[in-house]
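Student: I've got this model open on my screen. Can you walk me through a sheet, its neighbours and a couple of odd backbone spots?

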Amino acid sequence: MFCHLRPVRSLCLEKVFPHWFSYSRAFSGADAVNALRPFYFAVHPDFFGQHPRERKVNENSLQKLSVYLENLQKPSFRSLKPTQLTFYVRETDQNSSDAQETFSTFGFRAVKFTLHTRDLLSTVLYILNSCSLSVEHVQSLNRSVHPQPLKEVKRVPDRPIKWDKSYYSFTGFKDPDEDLEQVSRAETTLTSWLDNNGKRAAKKLENSLPLRKELDRLKDELSHQLQLSDIRWQRSWGIAHRCTQLHSLGRLAQQNPETLKNAKGCTVMFTDRSGVSGVGHVMLGTMDVHHRWTKLFERLPSYFDLQRKLMFLEDQISYLLGGIQVVYIEELQPVLALEEYYSLLDVFYNRLLKSRTPFHPRSLRGLQMILNSDRYAPSLHDLGHFNIPTLCDLANLQWFILTRAQQARENMKRRDELKVTESELIQASVKKLSLERFYKDPSVSSAQMVDCCRRLLDQSVPRLPGMHLCVSNFYSVMQDGDLCIPWNWKNGKATK
């Protein structure tokens, strides 16, 4: 008789939305996707192109959420561990007036919550409410599933049911209150997490070694055959996925050897769309067919012509702005197609010509700037480069750059010193922990990496012989055995 009973959380969503939960059994995966559309719109990584760290956090959290939702729909589902998620939520029409949280100057805020729901509907409601998004459309979705209320379904009591501990022992269900108490009482520590996950990661890593060797072989062969400068991936795809992509490129090289000679000296990057990037990398969309790739390789000579014009524009802008160098920083800027980046430069260059803003020749040599298309005022980055909006006020821009030039030089000097320190600490950490590979996620800054490495060296941490360790923003064992740890780990509690 226990098979129909469900333990209820202390903070009971059924109590808040009792008239919706009679429909929860009919709430499908497709309904959940539709109901979460406002949420996806507010956190989608593509809207965080100017903020790569926040973009990466949202990508990672969406992956974890996807796994959670998939597990809820499995027939064998019994209970899930509490899942902690962090999202950067954009200001939208839905949350701009109702949200109590304060948005940053960039128009987004950080939201953290822990999922421990037991069905799709309560999960959707909890996510939307955690992000201060409307839930009214969820009610309409349920009405479309059941135009008439199910009279035979009894209303869930307002008072949460508190089951005796013997119930969980008998049924095998996990006590949600106990799990939540453990989460709040004891955050994961680095040592305990490594003890609990080290063997599992080592097994996955061992299983992935043949594929890793195959990946290295394919990459070397194609780089040599096509005389490429490098082969890269925009996202953290698994080893098997990367091998499949290289096999596809290899087959294309056999079918069209002359066409692919156009890529000589280029960097090929597997991304979400095909084209040429703002820095000249050949982008191969992983969802595109060979015909699209072939057309791209055929058009590379015309792209090279456009790239030469682009470089000329960069030089002209630099000349008009006192010798400041125009750069494109892949880690900090969205992936722009060559045509898009050229258009940005062209608009900015023509505005400079018309304004005749006077800068002393070569007065800003050694400084750097990146050009972007957002609507915000110019700013100075901690790494020393200027962020210049294409449509900014040019008179104010002159004053802004001149008054902050010295600060920019100091920031660049600290950046270079930090890079040296980071490299030294990474090497020392590899030696102490006996790692095969030690690297950081693009969302982790050099300052955060330095802080992480220093604590790895100063504190007692288990050795990880032969393992791959990635410094990120969360704990995770990747599908190929790489261990991910948050940069702000502690032997006590990890900073939230």
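Tutor: Sure. Ground rule first: two strands pair if DSSP finds at least two bridges between them. Also keep in mind that this is a predicted model.

Student: OK, in what order do the 4 strands of the open sheet run?

Tutor: The pairing in this sheet is mixed. At its edges sit β7 (325-326) and β9 (379-380), each pairing on one side only. Read across, the order is β7-β8-β10-β9.

Student: Which residue in β10 stands opposite Ser379?

Tutor: Start with the strands: β9 pairs with β10 (residues 386-389) in the antiparallel sense, over 2 bridges. Ser379 falls within β9, which covers 379-380. Its opposite number in β10 is Asn387.

Student: Which helix packs on the sheet touching β7, β8 and β10, and what angle does its direction make with that of β8?

Tutor: Look at residues 338-355, which make up helix α13. Another helix, α14 (residues 394-433), lies across β8, β9 and β10 and runs at about 145 degrees to β10. The one you're after is α13, and its angle with β8 (368-372) is about 105 degrees.

Student: Now the odd spots. Is Ser132 buried or exposed?

Tutor: Ser132 sits in the loop between α5 (120-130) and α6 (136-145). Its phi is positive, about 60 degrees, although it is not a glycine. The cut-off for buried is under 20% relative accessible area. Ser132 comes in at 18%, so it counts as buried.

Student: And what is the relative accessible area of Ser434?

Tutor: Ser434 lies in the loop between α14 and β11 (437-440). Ser434 isn't a glycine either, yet has a positive phi of about 60 degrees. It is partly exposed, with a relative accessible area of 24%.

Methods:
Residues are numbered from 1 along each chain as its sequence is written. This is a predicted model: local features need pLDDT of at least 70, side-chain atom pairs count only at pLDDT 80 or more; totals for chains, interfaces and linings use all residues. Side-chain values use heavy atoms; hydrogens and water are left out. Contact means heavy atoms within 4.5 Å. Axes are lines fitted to C-alpha atoms, for helices over the stretch in contact, and angles run from 0 to 180 degrees between N-to-C directions. Buried means under 20% relative accessible area, exposed over 50%, partly exposed in between (1.4 Å probe, protein chains only).
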